Protein chains: 2
Amino acid sequence: MPQIVLAHDRFTDGEAKTAEALIRYASDPVVAVVDRSASIDTAEPVVGAAGREIPVVRDADEALSLDADRLAIGVAPVGGRVPDDWRPDLRAALEEGLDIVSGLHDFLAEDEELAKLARGHGAELHDLRRPPPDQPIYSSQVLDLDATIVLTVGTDCSSGKMTTSVELVRALRDRGVDTAFAATGQTGLMLGADAGVVVDAVAADFVAGWGEKIVLDAHEATGADVIVTEGQGALSHPAYGAVTLGLLHGTSPHACVLCHDETREEKTTTFHEGRRFPVLDPVREWRRLQAVADPVRRPSLAGLSVMNGPLAIPDDHPFADVPQVDVLADGAHRLAAQVEAID
Amino acid sequence: MPQIVLAHDRFTDGEAKTAEALIRYASDPVVAVVDRSASIDTAEPVVGAAGREIPVVRDADEALSLDADRLAIGVAPVGGRVPDDWRPDLRAALEEGLDIVSGLHDFLAEDEELAKLARGHGAELHDLRRPPPDQPIYSSQVLDLDATIVLTVGTDCSSGKMTTSVELVRALRDRGVDTAFAATGQTGLMLGADAGVVVDAVAADFVAGWGEKIVLDAHEATGADVIVTEGQGALSHPAYGAVTLGLLHGTSPHACVLCHDETREEKTTTFHEGRRFPVLDPVREWRRLQAVADPVRRPSLAGLSVMNGPLAIPDDHPFADVPQVDVLADGAHRLAAQVEAID
């Protein structure tokens, strides 16, 4: 299902994570990026070789000659609302019968104008952040699953968990390992995950239940031997640690990959009056994760995924025997080898 | 606002926690309990002296002569739906213009018949479990609050956190300490909290934000020197630990009271094929809570609230100097003294 990616005003400044990931990883090809303020002809300057054949155009009209079936929203505007100056593009896409996939907090299907246009042109509006009606409670059934479960965890938000998950899935498949991907955020879902949910939007009591369910669903859909699940947040993040813990308990991983940005000193999110919370040393973050993972299943550490690294690891460091990779530069094959070796 | 409490079929078997708490603690007097299968004349056999003057009747009609303004639903039916055989009572109450307060998962305001009756008779339907529209992100503003914050935590669900919170508020007020109560569950909200939210129903990413908000709101509403917040779940509960961690971070307590049922060996909730998760020793649970509370604020332990105890504490026990109380038997004055002593 060829798709157009909408990324107004932010494609070239590194703030369109979803757009970049769709170009790099989506099983559905990206045929154009829409950004009215970008002054580049193709996506190559942003994402490298993967973007060489993908034109960057000023509005959806320009992209519609390219025979897409879908428009994906590839940036997250502040507040999660639909900016008014996106409406001409969304209207144009719907009038051509394209579906729209959105991870915005505001639901497109509840926007009268867009919903009416979609109905009139046989197009579908997919609001990925809409909480599903199920309210699964963690049952521990996942502990009986005959598959190896891997969860990415991080020392902060935006430390590479989604990218590492996708690269790990690729690397395992390259090695011939039957692997499924369970997504927990909008980008992962847009990439064509085998199962998933935008877990930060579900009712708080069911985070662990959802973590378990998407692992079980991904296995049921594929029968894969390895289930890679995308993590969220960081256990030590004061605003978002709850979701991290729920996924750690719910997915009950055999192994984790710890994601870390070596240049990041403070937790993301803007706090009151500029208060700062430090990004923990990866060893401390990992010990804390292990301490609370039990009583479900205590995971091993399959590797470190470090952005802007490497992390300095002397011979006597607790992680001296743990593979460290930069997945964007080198892929995740060394992580995949570790995962494959898990009994 | 005098209230009738509906507790069909479960008032006498100890399964109507909300009803019992309303009788014991609500600032709004309970004028009758409705339970068609109870064969007692007053609530005294269930709740002791506090129930001596409260008749137990078979249906709402019998209670309506007692001049209530409100009917509160005091039991949680399996699945959270409105049982059909409750409808005559709900109808009778609405036809008399009584408001209904409900913590059910199913929202009464979305029930056509009940919503229409309420409109027709000027009655209000309060669905406490409906997620509020706000989505507050933890900001750390709570760390600047000029008040002592206390959070109850537990080794399991249903280990006395709500009761301990309410008893602690009472005891502090008895001692002349200006104290506010922030509730996190339906019962606490029905009791007339100074602020609160049914936190297990909010979107997962905002649990910590809500924890912070209800503490700030309770302080803003009262200016109290101490804010007691009701906890939920248990950090080590595989299904519900996420909400516990979000509240620990979000409320950023100076001190916690750890609640424990000395006879409970396994975590509540029915797991797959009877799998069991042990209730941790309180010392282990507390160490785990302390390990993940930082980087926000590392709380002290103000005391142990033990049901069906006491917990055996020899002189060399890590909790040897920590007060241990049975709040239902003795109240929370020894806990209150500890809280009052916090700088």
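**A note on the two-chain model**

1. Let's start where the chains meet: there are 6 salt bridges between chain B and chain A. Please keep in mind as you read that this is a predicted model. One salt bridge you may like to bring up on screen joins the side chains of A:D294 and B:R288, with 3.2 Å from N to O.

2. Polar contacts add to the picture of the same interface. Between chain B and chain A, 16 residue pairs are in polar contact, counting pairs with both residues at pLDDT 80 or more. On the side of chain B that touches chain A, three helices each give at least two residues: α8 (207-222), α9 (241-251) and α10 (282-293) of chain B. Of the elements on that side, α9(B) brings the largest share, with 6 residues. Sorted by class, the side of chain B that touches chain A holds 23 nonpolar, 12 polar and 8 charged residues.

3. How much area do chain B and chain A bury between them? The figure is about 3600 Å², and 59% of it lies on carbon and sulfur atoms. Three residues are worth finding here: B:A204, B:D205 and B:P295 together supply 16% of the area that chain B buries against chain A, more than any other three residues. As for head counts, chain B puts 43 residues into the contact and chain A puts in 43 residues.

4. Now for the symmetry. Chain B can be superposed on chain A by a rotation of 180°, with 0.0 Å of shift along the axis and an RMSD of 0.0 Å. Why does this point to a two-fold axis? Because a rotation of 180° with 0.0 Å of shift along its axis is the relation of a two-fold axis. Both copies use the same surface, as 100% of the contact residues of chain B recur in chain A.

5. Turning to a single chain, the domain assignment splits chain A into domain 1 (3-127) and domain 2 (141-340). Their contact draws on 14 residues of domain 1 of chain A and 12 residues of domain 2 of chain A. The C-alpha centres of these two domains of chain A are 28 Å apart.

6. What do domain 1 and domain 2 of chain A bury between them? Here the area is about 1100 Å², with 61% of it on carbon and sulfur atoms. On the side of domain 1 of chain A that touches domain 2 of chain A, the elements giving two or more residues are α1 (17-25), β4 (70-73) and β5 (99-102) of chain A. The largest share of that side comes from α1(A), which gives 6 residues. By class, that side of domain 1 of chain A has 7 nonpolar, 4 polar and 3 charged residues.

7. If you go looking for salt bridges between domain 1 and domain 2 of chain A, the count there is 0. Polar contacts do turn up: 4 residue pairs between these domains of chain A qualify, with both residues at pLDDT 80 or more.

8. Over all chains, the structure holds 44 salt bridges. One of them pairs the side chains of A:D200 and A:R129, at 2.8 Å from N to O. This pair ties together distant parts of the chain, 71 residues apart. A:D200 sits in the loop between β9 (195-196) and α8 (207-222) of chain A, while A:R129 sits in the loop between β6 (125-127) and β7 (148-154) of chain A.

Definitions and conventions. Residues are numbered from 1 along each chain as its sequence is written. Chains are lettered from A and ligands numbered from 1 in the order in which they are written. This is a predicted model: local features need pLDDT of at least 70, side-chain atom pairs count only at pLDDT 80 or more; totals for chains, interfaces and linings use all residues. Side-chain values use heavy atoms; hydrogens and water are left out. Domain bounds come from an automatic or database domain assignment. Contact means heavy atoms within 4.5 Å. Buried area is the accessible area (1.4 Å probe) that two parts lose on being put together, summed over both. A salt bridge is a side-chain nitrogen of Lys or Arg within 4 Å of a carboxyl oxygen of Asp or Glu. A polar contact is a pair of N or O atoms within 3.5 Å; within protein, one must be able to donate a hydrogen and the other to accept it, and residues adjacent in sequence count only if both atoms are side-chain atoms. Helices (H or I, at least four residues) and strands (E, at least two) are DSSP runs, numbered from the N terminus. Ala, Val, Leu, Ile, Met, Phe, Trp, Tyr, Cys and Pro count as nonpolar, Asp, Glu, Lys and Arg as charged, and the others, Gly among them, as polar. Copies are superposed by least squares on the C-alpha atoms of residues with pLDDT of at least 70 in both.
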